[in-house]
Amino acid sequence: MKLIGMLDSPYVRRVAISLELLGVPFEHEAVSVFSTFERFQFLNPVVKAPTLITDDGTVLMDSSLILQYVEATLTEGRTLWSANATARLAQFRAVGLALAACEKSVQLVYERQLRPAAAQHEPWVKRVTGQLLAAYAALEAEVQHQQALFQDTHSQSTVSAAVAWQFTQSMLAREVEASRHPGLQALSARIEPLSCFLKFPPTGPGVPASGREA
């Protein structure tokens, strides 16, 4: 099984760390949707990261669907979701907020870094920034008031929140002030030094000095 995509994408990194925590072996191929577009297109004509190529050659996309497939077929019952329905619902909310923050972060990065300045639409930037800040305000509240959800490393709420926060802080620290999100800052400081996170850093061969994958 092969995971395709650059680890500076929060979606690719989320999948890689989750697979590691689930004990699912895989090969990671760091292919860029920008600098190695043709190689990515050969592997997946849609050129979407992350891409998972299963052992039978099936090509899957979307981080959540990839992880749903993995947990349903490859983990022998191991899961990053709580068995308790109430706790699982709270995890769903937290992960949804983290993924919304990822989405709005990527939109803002693309608008600022890929679109020519003359073509940037400030009302759109303002709207996306507002959505980004709302997502992180809500996620910060979850971290502060649902602390049990984020204590266990083997939890999708922990993984998704930490990965999203790292990406946003690396790219949009001025827009999303760390001082206003002490819970997320503490979570990141506790989680990022762990071996499963260090094994898949958002840097490495092929990662551009500026600009990010998505």
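In what order do the four strands of the open sheet lie, and with what kind of pairing? The order is 2-1-3-4 and the pairing is mixed, where helices (H or I, at least four residues) and strands (E, at least two) are DSSP runs numbered from the N terminus, and two strands count as paired if DSSP finds at least two bridges between them. The model is a predicted one, in which local features need pLDDT of at least 70 and side-chain atom pairs count only at pLDDT 80 or more, whereas totals for chains, interfaces and linings use all residues. Residues are numbered from 1 along each chain as its sequence is written, and side-chain values use heavy atoms, with hydrogens and water left out.

The edges of the sheet are formed by strand 2 (27–29) and strand 4 (59–61), each of which pairs on one side only. Neighbouring strands are turned by 25° against each other on average, direction ignored; axes are lines fitted to C-alpha atoms, for helices over the stretch in contact, and angles run from 0 to 180 degrees between N-to-C directions. Strand 1 (residues 2–4) and strand 3 (residues 51–53) run antiparallel and are joined by three bridges, with Ile53 of strand 3 as the bridge partner of Lys2. Helix 3 (residues 63–73) packs on the sheet, where it touches strand 3 and strand 4, contact being defined as heavy atoms within 4.5 Å, and its direction makes about 125° with that of strand 4.

Several backbone features fall in the loops. The peptide bond from Ala49 to Pro50 is cis, with omega near 0°, and Pro50 lies in the loop between helix 2 (37–43) and strand 3. Asp62, in the loop between strand 4 and helix 3, is not a glycine yet has a positive phi, near 80°; this residue is partly exposed, with a relative accessible area of 31%. Glu76, in the loop between helix 3 and helix 4, likewise has a positive phi, of about 55°, without being a glycine, and is exposed at a relative accessible area of 78%. Buried means under 20% relative accessible area, exposed over 50%, and partly exposed in between (1.4 Å probe, protein chains only).

The largest nonpolar core, a set of buried Ala, Val, Leu, Ile, Met, Phe, Trp, Tyr and Cys residues joined through side-chain atoms within 4.5 Å, has 63 residues, and those with the most contacts inside it are Tyr136, Leu139 and Leu184. Helix 4 (residues 85–113) supplies the largest share of this core, 11 residues. Leaving aside residues up to four places away in sequence, Leu184 touches Tyr136, Leu139, Glu140, Val143, Ala161 and Trp165.
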